Amino acid sequence: MKHEDEHFYGKQNTSRNNPLYMRTTSSYNQNCYIREHLKDILLNQFHWNYWVTFTFGYRPDLDEVEDILYNLHYRLDRRLIKHVPQKNTLSVDERTEWFLFPELKGRGLHYHGFFKFNVKPTVTSYKDEWNWVRCAIEQNLSKLESRLSNGGKVGFKLYNRTFRNLDDVKMILYSMKEFG
């Protein structure tokens, strides 16, 4: 069924397959189109739970940073299994989903990300889910930061999704300031 849907949508005349639709020679306009499309995805399609910013010290190596983020995602899913009753594996649909934007400014590379849980953890020894996520990220990053060859400290800031759409838009626009 999913394959048939992809084939059906692939044949439609949309902005993705029509080169004349939203065509521009202006890089600024193109970046604005990209930002608007990503904003639409983040506000209307990808129902994220948390916004997080990761920092990696001064001038980190890109391969090492991507390795750390990949392993953090894996470790967070592994930890999630332990906090979901009667689960010892997660299906593809149950794993956490991440949406990350790199930013290269000033002191070096950092990432802004949005992620969501498709399965909610049972948090009994923590105040709430946000504290569970914060502790999980903090503990895992402390183990993973030794992989940075620049000797930098891996840091993060974690924010809940607010129900105020304006705050969500401000967070998203801040995260995409390099796209326009």
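Me: Over how many bridges do E1 and E3 pair in the antiparallel sense?

Reply: This is a predicted model, in which local features need pLDDT of at least 70 and side-chain atom pairs count only at pLDDT 80 or more, whereas totals for chains, interfaces and linings use all residues. Residues are numbered from 1 along each chain as its sequence is written, and side-chain values use heavy atoms, leaving out hydrogens and water. Helices (H or I, at least four residues) and strands (E, at least two) are DSSP runs numbered from the N terminus, and two strands pair if DSSP finds at least two bridges between them. For E1 and E3, paired in the antiparallel sense, the bridges number six.

Me: Which are the edge strands of the sheet?

Reply: Four strands form an open, antiparallel sheet in the order E2-E3-E1-E4. The strands that pair on one side only, and are therefore at the edges by the pairing rule of at least two bridges, are E2 (97-105) and E4 (155-160).

Me: Which element gives the most to the largest nonpolar core?

Reply: A nonpolar core is a set of buried (under 20% relative accessible area, 1.4 Å probe, protein chains only) Ala, Val, Leu, Ile, Met, Phe, Trp, Tyr and Cys residues joined through side-chain atoms within 4.5 Å. The largest has 28 residues, and Phe 54, Phe 56, Phe 115, Val 133 and Ile 137 have the most contacts inside it. E1 (50-55), H3 (62-82), E3 (108-116) and H4 (129-144) each supply at least two of its residues. With seven residues, the element giving the most is H3.

Notes. Buried means under 20% relative accessible area, exposed over 50%, partly exposed in between (1.4 Å probe, protein chains only).
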